[in-house]
Amino acid sequence: MSKNIKRSRTRHKNCYCSLWQTSPDTLTQQGVKPGYCGICSLCGEQGHLRHAPGFHPYTDAWCDSCFKAQSMVNGLQCLSVPLAICSLLFSLYWLLGLCVGVFVFTYALINYKTHWIRKIAGVLP
Ligand SMILES: [Zn+2]
Ligand SMILES: [Zn+2]
């Protein structure tokens, strides 16, 4: 039985829905509804508190559509770093420039232009 419960929760793996068992008061105080564990930091919808996608060492709350958009942006950033190193190794300076551009662009998106991520989330299926 407990195994079944666990499985049904793996839909949002690595989120903090288990807080409902340990400290439900904290969640209700924040206005979080059952079935969720956080308020999306980008759009204010009910969402899940989870580790940032990619190799980004932070935790925040996202709703599902914002999380998808954030995954794309973070993923792109994670890709740009090894690609930049490769382009350096092979002296592909145009690619290096592109990678640096992508990195700076996604960095700006993640840190300053979070409303753009919200817009991306709006156009994603
Ligand atoms: Zn959750
Ligand atoms: Zn959202």
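From the N terminus onward, the elements of the protein follow the order α-α-α-β-β-β-α-α-α, giving 6 helices and 3 strands in the secondary structure. The model is predicted, with an average pLDDT of 88 for the protein and a score of at least 70 for 90% of the residues. Residues 1–10 have a pLDDT below 50, and beyond near neighbours in sequence this stretch makes 1 contact in the model. Of the 125 residues in the protein, 26% are buried. Among contacts between residues at least 6 apart in sequence, 32% link residues that are at least 24 apart.

The 3 strands are arranged as an open sheet in the order β1-β2-β3, with antiparallel pairing. The edges are occupied by β1 (38–39) and β3 (59–62); each has a single partner strand, so one side of each lacks a neighbour in the sheet. Strand β1 is joined by 2 bridges to β2 (residues 46–51), and the two run antiparallel. Within this pairing, I39 has Q46 of β2 as its bridge partner.

The loop between α3 (24–29) and β1 contains V32. This residue counts as buried because 23 C-beta neighbours lie inside 10 Å, where the threshold for burial is 20 or more. Apart from neighbours within four places in sequence, V32 is in contact with L27, C37, G38, I39 and Q46. The contacts of V32 thus include both I39 and Q46, the residues that form a bridge pair between β1 and β2. A further relation to β2 is given by H48, which is 16 residues from V32 along the chain, with a separation of 9.4 Å between the C-alpha atoms.

The largest nonpolar core comprises 21 residues, and C37, C40, W62, C66 and I117 have the most contacts inside it. At least two residues of this core are supplied by each of β3, α4 (64–89) and α6 (114–123). The greatest contribution comes from α4, which provides 4 residues. When residues up to four places away in sequence are not counted, C66 touches C40, L42, C43, I117, R118 and A121. Two of the other core residues with the most contacts, C40 and I117, are therefore among the partners of C66.

Helix α4 has 26 residues, which at 1.5 Å a residue should span 38 Å; the end C-alpha atoms are 38 Å apart, in agreement with this expectation. The buried residues of α4 are S65, C66, F67, A69, Q70, V73, N74, Q77, S80 and A84. These buried positions pack against β3, α5 and α6.

Just after α4, S91 adopts a positive phi of about 55 degrees, although this residue is not a glycine. S91 belongs to the loop between α4 and α5 (93–111). With 8 C-beta neighbours inside 10 Å, S91 counts as exposed, the limit for that class being 12 or fewer.

An unreviewed UniProt entry lists residues 81–110 as a "transmembrane region". In the model, this span is 90% helix and 0% strand, and the end C-alpha atoms of residues 81–110 lie 16 Å apart. The loop between α4 and α5 that holds S91 falls within the listed range.

Note on methods:
Residues numbered from 1 in each chain as written. Chains lettered and ligands numbered in written order. Predicted model: local features only at pLDDT ≥ 70, side-chain atom pairs only at ≥ 80, totals over all residues. Pairing = 2+ DSSP bridges. UniProt positions renumbered as here; feature names shortened; annotations may be inferred. Core = buried A, V, L, I, M, F, W, Y, C linked by C-beta atoms within 7 Å. Contact = placed C-beta atoms within 7 Å. pLDDT = per-residue confidence, 0-100. Expected span 1.5 Å × (residues − 1).
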